[in-house]
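User: I would like to learn how to read a structure like this one. Please show it, and then take my questions in turn.

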Amino acid sequence: MSDDYLVRIGKLIRDARQHRGWTQTQLAEALGTSQSAVNRIERGNQNISLEMIARIGEALDSEIVSLGYAGPMHLRVVGGRRLSGAIDVKTSKNACVALLCASLLNKGRTVLRRVARIEEVYRLLEVLNSIGVRTRWVNDGVDLELVPPAELEMGAIDAEAAVRTRSIIMFLGPLLHRMDHFKLPYAGGCDLGTRTIEPHMIALRRFGLDIAATEGQYHAQVDRSVRPDRPIVLTERGDTVTENALLAAARHDGVTVIRNASSNYMVQDLCFFLEALGVKVEGIGTTTLTVHGVPNIDVDVDYSPSEDPVEAMSLLAAAVVTESELTVRRVPIEFLEIELAVLEEMGLDHDRSPEYCADNGRTRLVDLTVRPSKLEAPIDKIHPMPFPGLNIDNVPFFAAIAATAQGKTLIHDWVYDNRAIYLTDLNRLGGRLQLLDPHRVLVEGPTRWRAAEMMCPPALRPAVVVLLAMMAAEGTSVLRNVYVINRGYEDLAERLNSIGAQIEIFRDI
């Protein structure tokens, strides 16, 4: 193995270790070797066998090298190119995964229109197939049909697929109506630090669900005598917590009031879908939802989820960071108004079309045209709030945007334990980001982006932010192991290429 390859492999191992949050000593302990040996490997100063590379990859849960099968996907980005033209926003990833879980409420056939073909959806389909749900792509692979079995086969659940998605947690609400006891693998998904499921449990206990977590599984037991006899107050105004409570209430024989509920876009789409199933939901778009449950749901339903406001924000950020004029079509404006208000204060030049209706008949859409702008850092810090505040998932995009602006911007990502740390990966591309603590980053701009080769951050939105910065950087960059991006975006590289980017997909030999 040549010295050059040893150095490159060493850098990949170092990046994977750092993204895992491990020290060299921790990796050494996992491998049964010394810290000094790990140090030599990472510096490219030690010969390393394929067996050792495989062991390191297993320890770090990262494919360093793959042999004999299609390995991890990487992106080669030729940056410094201007984007132009128009691009449509795809349907919401978070709405689609919630609706896949909600299909378990229905004994009839469910058809979801224009479902996002992303890894998160594929993992959920693998889980659904494993427990007996028949799924197929119809209408030239655009729409998705789901038909549940009379009895779910929970003992055959695909645990490997389940642990790769946090969305599996939303099986709890529907399943508690279908069986008295069942097991689910622990929820996985992005590496965003410790996230307790206790808010879910507090809500679902009111429907008789009791959970014991042992040996990598949730052991669920349902007491049919327990019913919510007063309003359920969510201890966290979270999206998935609200969705789980809605899914439990949908087949509860009675009226359930949910307070401190999220009114975010995916929750509204779920409410619209429940109405299509015959469940009456009052208060959609507010923090108090009143659900009139239907104990037996057996209907053939056809539903179109709305567009994804976070993908819309991604595309707007791409235009801003690359100093391009771009039209982003089918933007769900209700869920981007705060972000646009902040960008306007920073100096963004943009136009918006008159509003029109999404295919679900309820969500308001516009077309946005963004032009190159001289941005100034905002006076106030950028921080998320539950809807209608600035969307939690949109905060990372402001790191790249703030890096193009004149001045210093404070970003306070208070929700997740680790995500702000991943934003400092932009420093590898020429950014000037200072981590003040695990939740606050100070961004100084403007930035002269430079090309680099690096490992993809293990969190979805920071990973896309790094890709956008690479698109702005003169020269050729490489972003390795982009599975996390494919979890949330359909054909993102190809779609960005359609508006002027130059991104090549490749895999290791």
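User: How much area does the chain expose, and what share of it do carbon and sulfur atoms supply?

Analyst: This is a predicted model, in which local features need pLDDT of at least 70 and side-chain atom pairs count only at pLDDT 80 or more, while totals for chains, interfaces and linings use all residues. Residues are numbered from 1 along each chain as its sequence is written, and side-chain values use heavy atoms, without hydrogens and water. Accessible areas come from the Shrake-Rupley method with a 1.4 Å probe. Here the chain exposes about 20,500 Å², and carbon and sulfur atoms supply 46% of that.

User: What percentage of the residues is buried?

Analyst: Buried means under 20% relative accessible area (1.4 Å probe, protein chains only). Of the 509 residues in the chain, 56% are buried.

User: How many helices and strands does the chain have?

Analyst: Both are DSSP runs, numbered from the N terminus: helices are H or I with at least four residues, strands E with at least two. This chain has 18 helices and 23 strands. Its radius of gyration, taken over C-alpha atoms, is 23 Å, close to the 23 Å from the globule rule (2.2 Å times the number of residues to the power 0.38) for 509 residues, so the chain is as compact as a globular protein of that length.

User: Which residues of helix α2 are buried?

Analyst: In α2 (residues 24-31) they are Gln24, Leu27, Ala28 and Leu31. The arc they cover, judged by directions from the helix axis to the C-beta atoms, is only 100°, so they lie on the same side of α2. Gly32 follows α2 and has a positive phi, near 70°.

Definitions and conventions:
Buried < 20%, exposed > 50% of the residue type's maximum accessible area, 1.4 Å probe, protein only.
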